[in-house]
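Please have the sequence and the model open before I begin. I will talk about the ligand and the space around it.

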Amino acid sequence: MKVKVYEDLCVSCGQCISICPDVFEWGDDDKAVAKIEEVPADQESLAHEAVEGCPTAAIKEE
Ligand code: SF4
């Protein structure tokens, strides 16, 4: 599983970072970024939760 944050859609709510800090972090411009592209198996459930929880659907699973 891979995740990517589309920064133009991110509204900097911080929810993905709260849910899954091992995968998401703040990047430049106070937008969330995926700090690792390939999500480890033990983080997939949380990463998926972050994807589902993003209010603007800015995170895509690949
Ligand atoms: S949950 Fe979505 S809108 Fe909120 S910081 Fe993460 S990517 Fe941005």
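Around the ligand there are 13 residues (a heavy atom within 4 Å of it), and the closest are C10, C13, G14, C16 and C54. This is a predicted model, where local features need pLDDT of at least 70, side-chain atom pairs need 80 or more, and totals for chains, interfaces and linings use all residues. Residues are numbered from 1 along each chain as its sequence is written, and side-chain values use heavy atoms, without hydrogens and water.

By class, the ligand's shell has nine nonpolar, four polar and no charged residues. Nonpolar here means Ala, Val, Leu, Ile, Met, Phe, Trp, Tyr, Cys and Pro; charged means Asp, Glu, Lys and Arg; the others, Gly among them, are polar.

Next, the cavity. On a 1 Å grid over the protein atoms alone, a cavity is a set of points where a 1.4 Å probe fits but cannot get out, and lining residues have an atom within 4 Å of a point. The largest cavity holds about 90 Å³, and its lining has 14 residues, with C10, C13, C16, C54 and A58 nearest the centre. That lining divides into ten nonpolar, four polar and no charged residues.

Technical notes:
On a 1 Å grid over the protein atoms alone, a cavity is a set of points where a 1.4 Å probe fits but cannot get out, and a pocket is an open set with protein on both sides within 12 Å along at least five of seven lines; lining residues have an atom within 4 Å of a point. Grid points are joined across faces, edges and corners, and a volume is the space filled by probe spheres set on the points.
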